[in-house]
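Subject: Structure handover

Hello,

Here is the structure for you to look through. Please open it first and then read the notes below it.

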Amino acid sequence: MKGDRVMEGSCSLVCLLLSALVFAAAADTSPKIYTNHFLVELHGAGDELARSVAADTGFTAVRKLPFAEGLYHFTHSGIPKARTRRSIHHTYYLERDARVKHAVQQEAFNRKKRGYRSIHDMVIPMS
């Protein structure tokens, strides 16, 4: 009886530690940057439909993506070009429209110069 409780407690502790380890490994240390660009999938295809959805939801620029039918790139001028918080309000407002199948706010890429070295890391012979 008592051994079963000890075994049960140690199993739950192992499961807790394992889940904490998985969560820590999956956590990204760098914050994501979100842009004012949205990928919008419409139920129907057509440039006029996309323009009317954009006008009704407050988006300014609309561009059809050439590689898929019904996918459009929307830009909103009221959102900063780069920010650390998602614009859930605008995404929800787009997805609430009956003509929109799915909407996703685009993430920015982390840019880093290739081959960049700090001046403090360089060793320059002065002989």
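**Contacts and overall layout**

Among contacts in the protein chain between residues at least 6 apart in sequence, 68% join residues at least 24 apart. Please keep in mind that this is a predicted model.

The secondary structure of the chain comes to 3 helices and 5 strands. Read from the N terminus, the elements follow the order α-β-α-β-β-β-α-β. The chain has 127 residues, and 23% of them are buried. About 10300 Å² of the protein chain is exposed, with carbon and sulfur atoms supplying 60% of that area.

**How strand β1 pairs**

β1 pairs with β5 in the antiparallel sense, through 6 bridges. Within that pairing, F38 has Q105 of β5 as its bridge partner. β1 also runs antiparallel to β3, and 5 bridges join these two. Here F38 stands opposite F74 in β3. With strand β4 (residues 82-83), β1 forms 2 bridges, again in the antiparallel sense. The bridge partner of Y34 in β4 is R83.

**The nonpolar core**

In soluble globular proteins, nonpolar side chains tend to be buried together. In this model the largest nonpolar core has 13 residues, and F38, V40, L42, F74 and L94 are those with the most contacts inside it. Two or more residues of this core come from each of β1, α2, β3 (71-75) and β5.

What does F38 touch, leaving aside residues up to four places away in sequence? Its contacts include F59, Y72, H73, F74, I79 and S87. H90, T91, L94, V104, Q105 and Q106 are also among them.

**Salt bridges**

Side chains of opposite charge can pair when their charged atoms come close. The count for this model is 5 salt bridges. Three of these are described here, one at a time.

Which residue forms a salt bridge with E41? The partner is K101, at 3.7 Å from N to O. E41 belongs to strand β1 (residues 34-42) and K101 to strand β5 (residues 100-107), so this pair ties together parts that lie 60 residues apart in sequence. Both side chains can be placed by their accessibility: E41 is partly exposed, with a relative accessible area of 27%, and K101 is partly exposed at 45%.

E48 and R51 form another salt bridge, with their closest N and O atoms 3.4 Å apart. These two residues sit 3 apart in helix α2 (residues 47-57), a separation of about one helical turn. E48 counts as exposed at 60% relative accessibility, whereas R51 is partly exposed at 47%.

The salt bridge between R99 and D56 has an N to O distance of 2.8 Å. R99 is in the loop between α3 (88-96) and β5, while D56 is in helix α2, so the pair ties together parts that are 43 residues apart in sequence. R99 is partly exposed, with a relative accessible area of 24%. D56 also counts as partly exposed, at 47% relative accessibility. Salt bridges with shared partners join D56, D97 and R99 into one network.

**Where to start**

When you go through the model, F38 is a residue to find early: it is among those with the most contacts inside the largest nonpolar core. After that, look for the network of D56, D97 and R99.

Regards

Terms used. Residues are numbered from 1 along each chain as its sequence is written. This is a predicted model: local features need pLDDT of at least 70, side-chain atom pairs count only at pLDDT 80 or more; totals for chains, interfaces and linings use all residues. Side-chain values use heavy atoms; hydrogens and water are left out. A salt bridge is a side-chain nitrogen of Lys or Arg within 4 Å of a carboxyl oxygen of Asp or Glu. Helices (H or I, at least four residues) and strands (E, at least two) are DSSP runs, numbered from the N terminus. Buried means under 20% relative accessible area, exposed over 50%, partly exposed in between (1.4 Å probe, protein chains only). A nonpolar core is a set of buried Ala, Val, Leu, Ile, Met, Phe, Trp, Tyr and Cys residues joined through side-chain atoms within 4.5 Å. Contact means heavy atoms within 4.5 Å. Two strands pair if DSSP finds at least two bridges between them. Accessible areas come from the Shrake-Rupley method with a 1.4 Å probe; for residues, only the protein chains shown count as cover.
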